[in-house]
Amino acid sequence: MRIVVIGSGYVGLVSATCFAEMGHHVVCVDRDAERIARLRDGEVPIHEPGLEPLLLRNHQQGRLHFAQTLRPVLTNIDLCFIAVGTPSAPDGSADTSQVLAVAEELGRWLPQRCVVVNKSTAPVGTAERIERTIARGLTQREAGFTVPVVSNPEFLREGCAVEDFMRPDRVIIGCADDQARQTMEALYAPFLRKQPRLMVMGRREAEMSKYAANAMLATRISFMNEMASLCEQLGVDIEKVRLGVGSDSRIGYDFLYAGCGYGGSCFPKDVRALIHTAQRHGLPSHILQAVEERNTIQKAGLFVKLQQQLGALDGRTIAVWGLAFKPGTDDVREAPALQLIASLLEAGAVVQAHDPVATASVLRCVPAHWLTSGQLVLHAQDPYAVLDDADALVIPTEWKPFRQPDWQRVRGLLRQPVVIDGRNLYDPAQMQALGFHYSSFGRPSVTAGDMQRQAA
Ligand SMILES: NC(=O)c1ccc[n+]([C@@H]2O[C@H](COP(=O)([O-])OP(=O)(O)OC[C@H]3O[C@@H](n4cnc5c(N)ncnc54)[C@H](O)[C@@H]3O)[C@@H](O)[C@H]2O)c1
C-alpha cells in the first residue's frame with residue numbers, strides 16, 4: 001500500500017518505519033523543516049531503542065521517505081495517518097487544533113479517495129469532526145468523492161515503541177465504513193500473525209478506549225502512591241505490600257510501583273482531558289481528580305524529602321540522576337525531574353544533572369538563563385561527574401546504569417551522604433550499612449551515623 005503519515009514524532013516516526021518494514025511505501029511528513037532535513041540526512045531525531053537501524057534501512061531501501069509539504073505526497077495514496085500532537089489546552093482539555101488543521105489541509109488537497117486514520121489521542125467525536133472538516137473542503141471544490149475517517153488509537157510505550165508496534169497487545173479500529181475496515185484489517189494482519197488481536201468497534205468507542213486505558217494506568221500508579229504514603233506513616237514497606245497485592249491474579253504486578261509520580265506526554269494530559277470532558281457534560285470525576293491531585297503531591301515529594309534531609313536548600317548543590325520521564329526515552333515532557341529542578345533553582349540551589357540520552361531535550365525546553373547563570377549544569381556522559389561536592393543525590397528516573405552504582409565512589413564524591421530515591425531502587429538497610437542517609441517512597445527513611453564527607 002501507499003501510505004502517508006503526518007507527524008514524525010514518537011508515534012508518527014515509529015508507525016511509518018514499522019509500516020515500511022512490512023513492505024509498504026511510506027512518506028512521513030512533518031511541518032518541522034529541521035526535523036525533516038535531519039531525517040533525510042539519516043539522523044533520527046528521537047531516542048527510541050531499535051528505531052534507528054530499522055528507519056535507516058527502510059530509508060536506504062527506498063520504502064521510507066520524508067517530506068515537509070503535504071500536498072505533493074497525497075497522489076495515489078491508499079491510507080493517510082494523522083499522528084500530530086494533542087497537548088493540554090490551558091483549561092485542561094485536549095487541544096485538537098493540530099489534528100483539525102491537518103483535516104483542513106486534506107480537504108483542500110486530497111486528489112482522490114483514501115482512508116484517513118486518526119492515531120492522535122483525541123476526545124470522543126474527533127474522528128467525526130475530522131470527517132466533516134475534510135468533507136467540507138471536498139464539497140467546496142466539488143471533488144466528487146468522499147473520504148472515510150477511522151479512529152486507530154495508538155498504545156505504544158516510549159522506550160519500547162518499536163517492539164510494541166511490531167507485536168501489539170491489541171489493535172483497535174474504530175470504523176463506520178466497511179471498505180475502510182477491510183483496508184485496516186489488511187494493513188495490520190502482518191503485525192498480528194501470531195494471535196488475532198484486532199478489535200473493530202465504533203469510532204467513539206475506540207476514542208474512549210484510549211482515554212480509559214491511560215486513565216486506568218494512571219489510577220493504578222496514584223493508588224499505589226497513596227498506599228505508599230500511608231505505609232511511610234505506619235512504618236510499613238510498600239515494596240513488600242506491592243508483592244502481596246500484585247500476586248493476586250485479578251490485580252497483577254504492572255503499574256504498581258510507588259515513586260515520584262508519573263510524567264510524560266500522555267498520562268498527565270489525557271487524565272486532564274478526560275476530567276475536562278466529564279465537566280463539560282456536568283459530571284463529577286472524583287476518581288480522576290484524585291489521581292491527578294495525588295500525582296501532583298507525589299511529584300513534589302522529591303523536593304520535600306530533600307528539605308527533610310538537608311533543611312534549607314539555598315546555596316546547596318544537588319546532583320540529579322535521570323531527566324527523562326522514564327528510562328528508555330529522551331522525552332522530558334512533564335518529567336518529575338524537571339519539576340524538581342525548577343523548585344530547586346527557585347529555592348536558590350545549584351543543580352548538576354546527568355541523563356544518558358535526555359540532556360539535549362532538556363536544553364531545548366528549559367529557560368536559557370538556567371544554564372547561562374550556571375544554576376543548572378548538564379552532563380550527558382558521566383553520572384559520577386555530577387556528584388562532585390554535591391550535598392545530595394536525587395534519582396527521579398530508573399535508568400539501568402543507576403541500579404547498581406559504585407557506592408564507594410558515590411560516597412567519596414558527595415559532600416554529604418544523602419540519597420533521595422524516586423523509584424525505590426535500593427534496599428534501605430543496605431544503604432544505611434553503606435553509610436547513607438536514604439529516603440525513598442513508601443519505605444522508612446534510614447539515617448547513617450555521621451554527616452561528614454568520607455573518602456572512598
Ligand atoms: N508519545 C507516546 O508515547 C504516545 C503514545 C500513544 C499515543 N500518543 C498520541 O499520539 C499523538 C502524537 O504524539 P507524539 O508523542 O508522537 O507527538 P510529538 O510531539 O512527538 O510529534 C508530533 C509531530 O507532529 C508534527 N506536526 C504537527 N502539526 C503538523 C502538521 N500540520 N503537519 C505536519 N506535521 C505536524 C510536529 O512538528 C511534531 O513533530 C498525540 O496525540 C499523543 O497523545 C502518543
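Q: How many residues surround the ligand?
A: Let's start with the shell in this predicted model. Its closest members are Val11, Asp30, Thr86, Glu158 and Lys269. Counting a residue when one of its heavy atoms lies within 4 Å of the ligand, the total is 24 residues.

Q: How is the shell around the ligand divided by class?
A: Nonpolar, polar and charged residues are the three classes to look at here. The shell has eight residues of each: eight nonpolar, eight polar and eight charged.

Q: What is the distance from a ligand oxygen atom to an N or O atom in the side chain of Arg333?
A: A polar contact needs a pair of N or O atoms within 3.5 Å. The side chains of Asp30 and Thr86 each place such an atom 2.6 Å from an oxygen atom of the ligand. For the side chain of Arg333, the value is 3.1 Å.

Q: How much of the ligand's exposed area does the protein bury?
A: Begin with the ligand taken alone, which exposes 830 Å². Of that area, the protein buries 90%.

Q: Where does the ligand lie relative to domain 1 (2-201) and domain 2 (202-456)?
A: Helix H1 (10-21) and helix H4 (97-109) each supply at least two residues of the shell. Domain 1 and domain 2 both give residues to that shell, so the ligand lies between them.

Q: Is Cys266 buried, partly exposed or exposed?
A: UniProt, in an unreviewed entry, places the feature "active site" at Cys266. This residue is in the loop between helix H9 (238-246) and helix H10 (267-280). Its relative accessibility is 30%, and partly exposed covers values between 20% and 50%, so Cys266 counts as partly exposed.

Key: Residues are numbered from 1 along each chain as its sequence is written. This is a predicted model: local features need pLDDT of at least 70, side-chain atom pairs count only at pLDDT 80 or more; totals for chains, interfaces and linings use all residues. Side-chain values use heavy atoms; hydrogens and water are left out. A polar contact is a pair of N or O atoms within 3.5 Å; within protein, one must be able to donate a hydrogen and the other to accept it, and residues adjacent in sequence count only if both atoms are side-chain atoms. Accessible areas come from the Shrake-Rupley method with a 1.4 Å probe; for residues, only the protein chains shown count as cover. Helices (H or I, at least four residues) and strands (E, at least two) are DSSP runs, numbered from the N terminus. Ala, Val, Leu, Ile, Met, Phe, Trp, Tyr, Cys and Pro count as nonpolar, Asp, Glu, Lys and Arg as charged, and the others, Gly among them, as polar. Domain bounds come from an automatic or database domain assignment. UniProt positions are given in the numbering used here, feature names are shortened, and annotations may be inferred rather than shown by experiment. Buried means under 20% relative accessible area, exposed over 50%, partly exposed in between (1.4 Å probe, protein chains only).
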